[in-house]
Amino acid sequence: MPQKGQQLDLTSDAKPQAADSSRVGSRFLGIHFVCCDVYSRVYANREQTAYVGHCPRCAKRIQLQIGSGGTDSRFFEVQ
Ligand SMILES: [Zn+2]
């Protein structure tokens, strides 16, 4: 058994998202990016004042204000 190093792969797989704790309590919306016809999630910013994200294909930036009282919908289309 000359390849003991393979055991390291098992331990490195234990915590796939160690840096994920920063989004505790944050919300997200489902966004349909019409520009590229793709779906993605957009998360609230640190101040919880807006949802900010970008298209996964063309990186177009979008921002949706929170607290305007306009809608309870959790799904939006973005042109
Ligand atoms: Zn796009």
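The exercises below work through the strands, one buried residue and several loop residues of a predicted model.

The model is predicted, so local features are reported only at pLDDT of at least 70 and side-chain atom pairs only at pLDDT 80 or more, whereas totals for chains, interfaces and linings use all residues. Residues are numbered from 1 along each chain as its sequence is written.

**Exercise 1. Determine which elements the protein chain has and in which order they run.**

Step 1. Count the elements, taking helices (H or I, at least four residues) and strands (E, at least two) as DSSP runs numbered from the N terminus; the protein chain has one helix and five strands.

Step 2. Read them from the N terminus on, which gives α-β-β-β-β-β.

**Exercise 2. Work out the order of the strands in the sheet, and explain why one side of E4 and of E5 is left without a neighbour.**

Step 1. Call two strands paired if DSSP finds at least two bridges between them; the five strands then form an open sheet with mixed pairing, in the order E4-E3-E2-E1-E5.

Step 2. Look at the edges, where strand E4 (61–65) and strand E5 (75–78) each have a single partner strand, so that one side of each has no neighbour in the sheet.

Step 3. Add the geometry: with axes as lines fitted to C-alpha atoms (for helices over the stretch in contact) and angles running from 0 to 180 degrees between N-to-C directions, neighbouring strands of this sheet are turned by 30° against each other on average, direction ignored.

**Exercise 3. Describe how E3 pairs with E2 and with E4.**

Step 1. Strand E2 (residues 38–44) and strand E3 (residues 50–54) pair in the antiparallel sense over two bridges, and Ala 44 has Tyr 51 in E3 as its bridge partner.

Step 2. E3 and E4 are likewise antiparallel, here over five bridges, and Gly 53 stands opposite Ile 62 in E4.

**Exercise 4. Decide whether Val 42 is buried or exposed, and list what Val 42 touches.**

Step 1. Apply the criterion that a residue is buried if 20 or more other C-beta atoms, placed from the backbone, lie within 10 Å of its own, exposed if 12 or fewer, and partly exposed in between.

Step 2. Val 42, found in strand E2, counts as buried because it has 21 C-beta neighbours inside 10 Å. Buried residues make up 6% of the 79 residues in the protein chain.

Step 3. Take two residues to be in contact if their C-beta atoms, placed from the backbone, lie within 7 Å; not counting residues up to four places away in sequence, Val 42 touches Phe 28, Leu 29, Ile 31, Tyr 51, Val 52, Gly 53 and Ile 62.

Step 4. Gly 30 is twelve residues from Val 42 along the chain, and their C-alpha atoms are separated by 6.5 Å.

**Exercise 5. Examine the positive phi values of Asp 37 and Ala 59, and then place Ser 73.**

Step 1. Recall that most residues other than glycine have a negative phi.

Step 2. Asp 37, in the loop between strand E1 (28–33) and E2, has a positive phi near 55°, and it counts as exposed because it has 8 C-beta neighbours inside 10 Å.

Step 3. The hairpin of E3 and E4 has six residues between the strands, and Ala 59 takes a positive phi near 65° there. Ala 59 counts as exposed, with 8 C-beta neighbours inside 10 Å.

Step 4. Ser 73 lies in the loop between E4 and E5 and counts as exposed with 8 such neighbours inside 10 Å, while its C-alpha atom is separated by 9.5 Å from that of Gly 30, 43 residues apart along the chain.
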